Amino acid sequence: MATGWGSLLQDEQQLEELARQAVDRALAEGVLLRTSQAPSSSDVVSYAPFTLFPSRVPSALLEQAYAVQADFNLLVDAVSQNAVFLEQTLSSTIKRDSFTARLFDIHKQVLKEGIAQTVFLGLNRSDYMFQCNPDGSTALKQIEINTISASFGGLASRTPAVHRHVLSILGKTKEAAKILSNNPSKGLAMGIAKAWELYGSVKNIHVIRRRFEDVSEKGSLDQDRRLFMDGQEVAVVYFRDGYMPSHYSLQNWEARLLLERSCAVKCPDIATQLAGTKKVQQELSRVGVLESLLPGQPQAVARLRATFAGLYSLDLGEEGDQAITKAIAAPSCFVLKPQREGGGNNLYGEEMVQALGRLKDSEERASYILMEKIEPEPFRNCLLRPGSPARVVQCISELGIFGVYVREGKTLVMNKHVGHLLRTKAIEHADGGVAAGVAVLDNPYPV
């Protein structure tokens, strides 16, 4: 996908002036992040890194990604309700991955006591790249689905105005009009509000932000397992934290269990977090699994399967041995993925080969999956970062689609897509997102 901004990217003086104006507009639009020097303070902020120009995305693939999001919402919800599937799928992983094992222990405790929660809220983001095939065609291939703390809905809502402004400065008003309106933050908020309403709350929505430590010290359940913080009943719990081992101390694990035992709407509940693990993603690609989870829905199954890249189990046995042999023989064609979220965890190339050599005779290999490496066509764009000069580099993009679903008991009352996120990074970086300091915010320019 060659960009349409080739000549503009060659004029350094014009780029510098455009970059200054783009940054000013980003600041005015609230495209802001706290700084790495003071990550806990809002006294000093800077603009979030972004591309100077929107990046071209095939319209057909963008439409396909939107069309399949409701199917992914249904699939995640189905997996979260299928305790037998989760236990069978994660049985080998939890033997060697202590973090997933702790999450699964809480899941089992909640099932044993009985699930008090009756309203379920999913705020997901399914991420894709555009595979460039040998014949020059492109295909939408899923990287992962994020079921906890699916971020950047707010910033993605603010960046379209920045790129429209840049193109308008250049007199490209027709091109500016092609930048899609995008407001995932509104759709995500609507999902939270619907869950709050179905919980039975009648007052205006009041939002508080608390750490796991605060929950441990001041959170409590009454005899009906209603959750209280500082004497206030809590209807909805949204986890902005809790997806990495470093987020948990013993006290924090106890707080998570307290929250999961409550009848408050958790986003996500523990089963939905487990549904987003890499091992579940790999197992969903097996023949017949989608059909068993979504019976009587062959069209949804076909839409989902069309987005799957090759996914391979590394469990001990012949299947896992064959996958390892393939990856070592062609390391540029595969990615080794642990059961972790947050970016920067995957292994590529020689680093992957060394890890597989170390793991091949160990049960620890079951805590990883192997995935076919998606190969998008690189393109040029200009990346803007605080404290760095504007850089024109070869890039690749990653498209995320935000999805929202709300279920009351067994009845799905909301299931929709609510917006998109495009992130772009220099091809020199194999892994990592915006929060990791690798990718930058972008907007799709449909072609």
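**Exercise 1. Is Tyr445 buried or exposed?**

Solution. This is a predicted model. Start with the relative accessible area of Tyr445, which is 8%. Buried means under 20%, so Tyr445 is buried. Now take its ring partner. Trp5 and Tyr445 form an edge-to-face aromatic pair. The centres are 5.3 Å apart, and the planes stand at 70°. Trp5 lies in the segment before helix 1 (12-29), while Tyr445 lies in strand 19 (residues 444-446). The pair therefore ties together parts that are 440 residues apart in sequence. Trp5 has 4% relative accessibility, so Trp5 counts as buried too.

**Exercise 2. Find how many aromatic pairs the model has, and name the residues that ring pairs link into a cluster.**

Solution. The count comes to nine aromatic pairs. For the cluster, follow the ring pairs that link Phe99, Phe212, Phe239, Tyr248 and Trp253.

**Exercise 3. Describe the open sheet that contains strands 12, 13 and 14.**

Solution. First, the order. The three strands run 12-14-13, with antiparallel pairing. Next, the edges. Strand 12 (311-313) and strand 13 (334-338) each have a single partner strand, so one side of each is left without a neighbour in the sheet. Then the turn. Neighbouring strands are turned by 30° against each other on average, direction ignored. Now the bridges. Strand 13 and strand 14 (residues 368-372) pair over five bridges. Lys337, for one, has Ile369 in strand 14 as its bridge partner. Last, the helices. Helix 16 (residues 318-329) packs on the sheet and touches strand 12, strand 13 and strand 14. The direction of helix 16 makes about 130° with that of strand 12. Helix 17 (residues 349-359) also packs on the sheet, touching strand 13 and strand 14. Its direction makes about 60° with that of strand 13.

**Exercise 4. Work through salt bridges of this model, starting from the total.**

Solution. The count comes to 24 salt bridges. One of them joins Glu29 and Arg25, at 3.0 Å from N to O. Both residues lie in helix 1, four residues apart, about one turn of the helix. Glu29 is partly exposed at 23%, and Arg25 is partly exposed at 28%.

Arg225 bridges to Glu113, with the closest N and O atoms 3.5 Å apart. Arg225 sits in the loop between strand 7 (219-221) and strand 8 (227-229), and Glu113 sits in helix 5 (residues 98-113), so this pair ties together parts that are 112 residues apart in sequence. Arg225 is buried at 16%, whereas Glu113 is partly exposed at 37%.

Glu364 and Arg358 form another salt bridge, with closest N and O atoms 3.7 Å apart. Glu364 is partly exposed at 26%, but Arg358 is exposed at 52%. There is also a network of salt bridges that links Arg125, Asp127, Glu398 and Arg423.

**Exercise 5. Which side chain of opposite charge is nearest to Asp269, and how far away is it?**

Solution. Locate Asp269 in the loop between strand 11 (265-267) and helix 12 (270-275). The nearest side chain of opposite charge is Arg407, 6.0 Å away. A salt bridge needs the atoms within 4 Å. Asp269 is buried, yet has no salt bridge. Beyond four places in sequence, Asp269 touches Gln117, Phe120, Arg256 and Glu260.

**Exercise 6. Place Ile148 and list its contacts beyond four places in sequence.**

Solution. Ile148 is in the loop between strand 6 (138-146) and helix 6 (153-156). At 7% relative accessibility, Ile148 counts as buried. Its contacts are Phe239, Asp241, Gly242, Tyr243, Pro268 and Gln273.

Technical notes. Residues are numbered from 1 along each chain as its sequence is written. This is a predicted model: local features need pLDDT of at least 70, side-chain atom pairs count only at pLDDT 80 or more; totals for chains, interfaces and linings use all residues. Side-chain values use heavy atoms; hydrogens and water are left out. Helices (H or I, at least four residues) and strands (E, at least two) are DSSP runs, numbered from the N terminus. Buried means under 20% relative accessible area, exposed over 50%, partly exposed in between (1.4 Å probe, protein chains only). Lys and Arg count as positive and Asp and Glu as negative; His and the chain ends are not counted. Contact means heavy atoms within 4.5 Å. Two strands pair if DSSP finds at least two bridges between them. Axes are lines fitted to C-alpha atoms, for helices over the stretch in contact, and angles run from 0 to 180 degrees between N-to-C directions. Rings of Phe, Tyr and Trp (its six-membered ring) pair if their centres lie within 6.5 Å; planes under 30 degrees apart count as stacked, over 60 as edge-to-face and the rest as tilted.
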